[in-house]
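Work through the exercises below with the sequence and the model open side by side. Each task is followed by a solution in steps.

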Amino acid sequence: MCVQSGTDMPRTYVILSTDGTDAMREALAEALAGVPYELVTAASGPEVLVRAHEARPDLILLDLELPVVGGLRVLELLGADTGTAAIPVVALDSAGGDAEAARALAAGAAFYLQKPVPADEARAVIRRLLVP
């Protein structure tokens, strides 16, 4: 369990997700079992950008197939903004492959996962990025 410096209270991780599927919520719950977290959701590219500034998440799970502004452009905008550039982003995509993974990683994603994401893979990535 991670404890905030100077307190004996467990740290609550904030996760911003554009993937509202039950499978991803279950993977989050399993990956962070015993670790408090708050889930913030967004349904479009512009909403991700606003919520990233409002919630200051520890991790962003970003579906690349977002309406209005696509996920790759959102990745670029997050990376160019000093207020959000340090937030790790896991890019999620159902239609992609090697080329889409390369584009997402080049745009700033820490990881690329193809949907449907196996729960054990999601758990491993989330824990690697969040839990010391």
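**Exercise 1.** Which residue just after helix 2 takes a positive phi?

Solution. The residue is R56, with a phi of about 50°. Helices (H or I, at least four residues) and strands (E, at least two) are DSSP runs, numbered from the N terminus. The model is predicted: local features need pLDDT of at least 70, side-chain atom pairs count only at pLDDT 80 or more, and totals for chains, interfaces and linings use all residues. Residues are numbered from 1 along each chain as its sequence is written, and side-chain values use heavy atoms, with hydrogens and water left out.

**Exercise 2.** Describe the order of helices and strands, then the surface of the protein.

Step 1. Count the elements: there are five helices and five strands. Along the sequence they follow the pattern β-α-β-α-β-α-β-α-β-α.

Step 2. Take the surface. The accessible area (Shrake-Rupley method, 1.4 Å probe; for residues, only the protein chains shown count as cover) is about 6,600 Å² for the protein, and 53% of this belongs to carbon and sulfur atoms.

Step 3. Take burial. Of the 132 residues, 41% count as buried; buried means under 20% relative accessible area, exposed over 50%, and partly exposed in between (1.4 Å probe, protein chains only).

Step 4. Take the contacts, meaning heavy atoms within 4.5 Å. Among those between residues at least 6 apart in sequence, 58% join residues at least 24 apart.

**Exercise 3.** Find the buried residues of helix 2 and of helix 4, and say how they are arranged around each axis.

Step 1. In helix 2, the residues G45, V48 and A52 are buried. Seen down the axis they fall within an arc of 45°, so they line one face of helix 2. The arc is that of the directions from the helix axis to the C-beta atoms.

Step 2. The cover over these residues of helix 2 includes strand 1, strand 3 and helix 3. V48, leaving aside neighbours within four places in sequence, is in contact with L16, T18, A42, L62, L66, V74 and L78.

Step 3. In helix 4 (residues 98-106), the buried residues are E100, A101 and A104. Because their arc is only 100° around the axis, they sit on the same side of helix 4. D98 and A106, on the other side of helix 4, are exposed.

Step 4. The buried residues of helix 4 pack against helix 3 (71-80), strand 4 (89-93) and strand 5 (111-114). Just after helix 4, G108 has a positive phi of about 125°.

**Exercise 4.** Locate the nonpolar cores.

Step 1. Start from the general tendency: in soluble globular proteins, nonpolar side chains tend to be buried together. A nonpolar core here is a set of buried Ala, Val, Leu, Ile, Met, Phe, Trp, Tyr and Cys residues joined through side-chain atoms within 4.5 Å.

Step 2. The largest core has 21 residues, and those with the most contacts inside it are L16, V48, I60, L62, L75, L78 and A104. Strand 1, helix 2, strand 3, helix 3, strand 4 and helix 4 each give two or more residues to this core. Helix 3 gives the most, with three residues.

Step 3. Apart from this core lies another, of 17 residues, among them I15, A27, L59 and I126.

**Exercise 5.** How many salt bridges does a search of the whole structure find? Examine three of them, then the polar contact of K115.

Step 1. The search finds six. A salt bridge is a side-chain nitrogen of Lys or Arg within 4 Å of a carboxyl oxygen of Asp or Glu.

Step 2. R11 and D58 form one, with the closest N and O atoms 2.6 Å apart. This pair links distant parts of the chain, 47 residues apart: R11 is in the segment before strand 1 (13-17), and D58 is in the loop between helix 2 (45-55) and strand 3 (59-63). R11 is partly exposed at 22% relative accessibility, whereas D58 is buried at 19%.

Step 3. E47 and R51 form another, at 2.8 Å between the closest N and O atoms. The two are four residues apart in helix 2, which means a separation of about one helical turn.

Step 4. E100 and R103 meet in a salt bridge of 2.7 Å, N to O. Both lie in helix 4, three residues apart. E100 is buried at 16% relative accessibility, and R103 is partly exposed at 44%.

Step 5. K115 lies in the loop between strand 5 and helix 5 (119-130). The side chain of K115 makes a polar contact with the side chain of D63 at 2.6 Å. A polar contact is a pair of N or O atoms within 3.5 Å; within protein, one must be able to donate a hydrogen and the other to accept it, and residues adjacent in sequence count only if both atoms are side-chain atoms.
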